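Dear colleague,

I am passing on a structure that I have been going through, and I would be grateful if you would keep it open beside this message while you read. What I found in it follows below.

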Amino acid sequence: MTTDAEAVVRAAYHAAEGPVLDVQGFIDLFAADGVFNNVVAGESYRGEHLGDQVAFMGALAPDIHRELHRLHVMGDVVAVELTIEGTVTGPFETPAGTVHAAGARLSIPTADFWYVEGGKVKEFNCYIGVSVMLTQLGVHPDFASAVTAP
């Protein structure tokens with residue numbers, strides 16, 4: 001049995017799929033004061049920027065897909081364990097320059113927590129496995145620089 005909260009969350013995942021990539025449709029699922037928190041990166045998006053990460057991931061890997069492993073509905077809260085999958089075709093812009101990882105296969109472990117009120121997303125907290133993603137893009141930590149830093 002699908003609840004209203006679950007239906008909203010599944011619609012959000014569908015809008016963010018590579019073949020669909022409906023950024024405005026994703027944004028429209030949020031309440032007027034809704035927020036998307038990319039928790040690991042320490043970023044929050046509101047208003048017209050709610051779809052920024054959807055657009056970014058779609059540009060990075062146009063075949064982007066979210067494989068939902070476990071979905072738990074607790075009233076208006078939906079917790080999801082998933083893997084974000086796709087093939088990198090676009091550049092990955094970083095503060096140090098562009099990483100060219102064309103052809104890299106992404107399989108990023110992620111946990112999402114959705115808070116739905118009145119049929120709209122009030123808050124979406126995404127915990128993406130950034131270290132796994134960076135490794136898959138060929139970006140490795142520079143421990144030597146960290147050790148020698150003051």
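Which residue takes a positive phi in the hairpin of β1 and β2? In this model, which is predicted, the residue is Gly-42, whose phi lies near 70 degrees in a hairpin that has four residues between the strands. The two strands of that hairpin, β1 and β2, pair in the antiparallel sense over four bridges, and within this pairing Asn-38 stands opposite Glu-43 in β2.

The hairpin of β3 and β4 can be described along similar lines. Two residues lie between its strands, and here Gly-75 takes a positive phi near 70 degrees. Strands β3 and β4 run antiparallel and are joined by nine bridges, with Val-73 standing opposite Val-78 in β4.

Both hairpins belong to the sheet, which is open, has six strands in the order β2-β1-β8-β7-β4-β3, and shows mixed pairing. Its edge strands, each of which pairs on one side only, are β2 (43-46) and β3 (65-74). From one strand to the next, the twist averages 15 degrees. Elsewhere in the sheet, β7 (residues 105-117) and β8 (residues 120-128) run antiparallel and are joined by eight bridges, and Asp-112 is the residue that stands opposite Cys-126 in β8.

Turning to the helices, α1 (residues 4-15) packs on the sheet, where it touches β3, β4 (77-87), β7 and β8, and its direction makes about 145 degrees with that of β7. Helix α1 also carries a salt bridge, formed by Glu-6 with Arg-10, in which the closest N and O atoms are 2.8 Å apart. Because Glu-6 and Arg-10 are four residues apart in helix α1, about one helical turn separates them. The structure holds four salt bridges, and the pair just described is one of them. Helix α3 (residues 52-60), for its part, lies across β1 (30-38), β2, β3, β4 and β7, and runs at about 110 degrees to β2.

Helix α3 comes up again in the largest pocket, which holds about 440 Å³ of space. There are 25 residues in the lining of this pocket, and the closest to its centre are Asn-38, Gln-53, Phe-56, Met-57 and Ile-128. At least two lining residues come from each of β1, α3, β4, β5 (92-94), β7, β8 and α4 (130-136), and α3 gives the most, with four residues. By kind, the lining of the largest pocket divides into 18 nonpolar, three polar and four charged residues. Asn-38, then, appears twice in this account, as the residue opposite Glu-43 in β2 and among those closest to the centre of the largest pocket.

With best wishes

Note on methods: Residues numbered from 1 in each chain as written. Predicted model: local features only at pLDDT ≥ 70, side-chain atom pairs only at ≥ 80, totals over all residues. Heavy atoms only, no water. Pairing = 2+ DSSP bridges. Axes fitted to C-alpha atoms, helices over the stretch in contact; angles between N-to-C directions. Contact = heavy atoms within 4.5 Å. 1 Å grid on protein atoms, 1.4 Å probe; cavity = no way out; pocket = protein on both sides within 12 Å on 5 of 7 lines; lining within 4 Å. Points joined across faces, edges and corners; volume = space filled by probe spheres on them. Nonpolar A, V, L, I, M, F, W, Y, C, P; charged D, E, K, R; others polar. Salt bridge = Lys/Arg side-chain N within 4 Å of Asp/Glu carboxyl O.
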